Amino acid sequence: MKCSKCGKKVPENDMFCLHCGAILYKQKQDTPVVQKTVVFNNPAPPINNSPQMTNQKTTPQRNPASTTKVVLCVYLIIVAVGILFFLLSSNIDSDRYNKTYTDSEKPTESVYDKALALELMEPIENFNNALATKDGELYKKVFPDFALNTYLSLYELDSLDEYASMRYEYLVDTYGEDIHITDSFEHYEKFTISEINEFRDEMETFYDVRVSSIDVYLIVTESDFTYLDKNGVKTTDTYTEPYIVYKHSGTWYIEYDVYVSTYLANNGYID
């Protein structure tokens, strides 16, 4: 090949003339270009630069461990919020359940949960019916089995009917014949944790049974005893009656003796 500027011979593949330094680009254009392909052991995937592919979004691969952590965090947050809501809601109006009231401080009936009040009054109504009718079977709706067994053993009785008759005779000796008892709801107070523990301790000592209930209330009622006195005159006496009502094995029962006087003394009802 000859240089186009000085006319001297130059090697075929040179880019510049060795004699005059001229660029031999025209001649280079006529020289076929040899493309070399380099092969790697782990070739990368080819990049597609076509217009159709440039607008597509690539979805990143999710790490399963990261997803699990996110779900766990969300779950823990929900649980924490639920616990916080429960604690806050349980403290709403807590004073109305966990304190002793003077007459001027006692909430009106509309303040109480009426559905709960009806539940708490049910064993008290059964108690009054059992007293007035000498129905031994009704006492099963008043006292749990362990308490009834204790009473039968304590008074050396063989049946609930004998126990019912004993209580009825006591009322007749105290008041008179043809007895009718009605209770009107006044108010209830929920036991505090320390009072519940004291109640359980006294129940265990008296009945030799550990009551697991955490639903324990003091119920105060206004009781009307209507009867025929010794002279045959119909008479009504009204009393304020306190009862302890607690839930055992899903059923509300009365405790008429154990811890009642202790609670009343501790909360200023009696000296």
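This passage describes a group of strands, a helix, a buried core and a set of aromatic rings in a predicted model.

Strand β2 spans residues 216-228, and 10 of its 13 residues are buried, so the strand is largely enclosed by the rest of the structure. Strand β2 has pairing partners in β1 and β3. With β1, which covers residues 177-190, the pairing is antiparallel and comprises 11 bridges. One of the bridged positions is Thr182, whose partner in β2 is Asp224. Strand β3 covers residues 234-248 and also runs antiparallel to β2, to which it is joined by 13 bridges. Here Tyr217 stands opposite Val245 of β3. Strands β2 and β3 form a hairpin, with 5 residues between them. In the turn of this hairpin, Gly232 has a positive phi of about 80°.

Two residues of this region were examined further. Thr221 is found in strand β2. The relative accessible area of Thr221 is 0%, and the residue is therefore buried, a state that requires a value under 20%. Beyond its neighbours up to four places away in sequence, Thr221 touches Met121, Ile124, Asp183, Ser184, Glu186, Tyr239, Thr240, Glu241 and Tyr243. Among these, Thr240 is 19 residues from Thr221 along the chain, while the C-alpha atoms of the two are separated by 5.7 Å. The side chain of Thr221 also makes a polar contact of 3.3 Å with the side chain of Ser223. In a regular strand, side chains alternate between the two faces of the sheet.

The second residue, Ile219, belongs to the largest nonpolar core, which has 55 residues. Ile219 is listed with Tyr139, Phe143, Tyr188 and Phe191 as touching the most other members of this core. Helix α5 supplies the largest share of the core, 8 residues. Leaving aside neighbours within four places in sequence, Ile219 is in contact with ten residues' worth of surroundings that include Leu120, Met121, Ile124, Phe185, His187 and Tyr188. Glu241, Pro242, Tyr243 and Val245 are also among the contacts of Ile219. Nonpolar side chains in soluble globular proteins tend to be buried together.

Helix α7 comprises 15 residues, 160-174. From its first C-alpha to its last, α7 reaches 21 Å, close to the 21 Å expected at 1.5 Å a residue. The buried residues of α7 are Leu160, Tyr163, Ala164, Arg167, Tyr168, Leu171 and Val172. These buried residues pack against helices α5 (114-133) and α6 (145-154) and against strands β1 and β2. Just after α7, Gly176 takes a positive phi of about 155°.

Aromatic rings were considered as pairs. A pair of rings is described by the distance of the centres and the angle of the planes. The model contains 25 aromatic pairs. In one of them, the rings of Phe146 and Tyr207 have centres 5.4 Å apart and planes at 70°, so the pair is edge-to-face. Because Phe146 lies in helix α6 and Tyr207 in helix α8 (residues 193-207), the pair ties together parts that are 61 residues apart in sequence. Phe146 is buried, with a relative accessible area of 14%, and Tyr207 is buried, with a value of 6%. Both residues belong to a cluster linked by ring pairs, whose other members are Phe127, Tyr139, Phe143, Tyr151, Tyr155, Tyr163, Phe206 and Tyr243.

Notes: Residues numbered from 1 in each chain as written. Heavy atoms only, no water. Buried < 20%, exposed > 50% of the residue type's maximum accessible area, 1.4 Å probe, protein only. Helix = DSSP H or I, 4+ residues; strand = E, 2+ residues; numbered from the N terminus. Pairing = 2+ DSSP bridges. Expected span 1.5 Å × (residues − 1). Contact = heavy atoms within 4.5 Å. Polar contact = N/O pair within 3.5 Å; in protein donor to acceptor, adjacent residues only side chain to side chain. Core = buried A, V, L, I, M, F, W, Y, C linked by side-chain atoms within 4.5 Å. Phe/Tyr/Trp six-rings, centres within 6.5 Å; stacked < 30°, edge-to-face > 60°.
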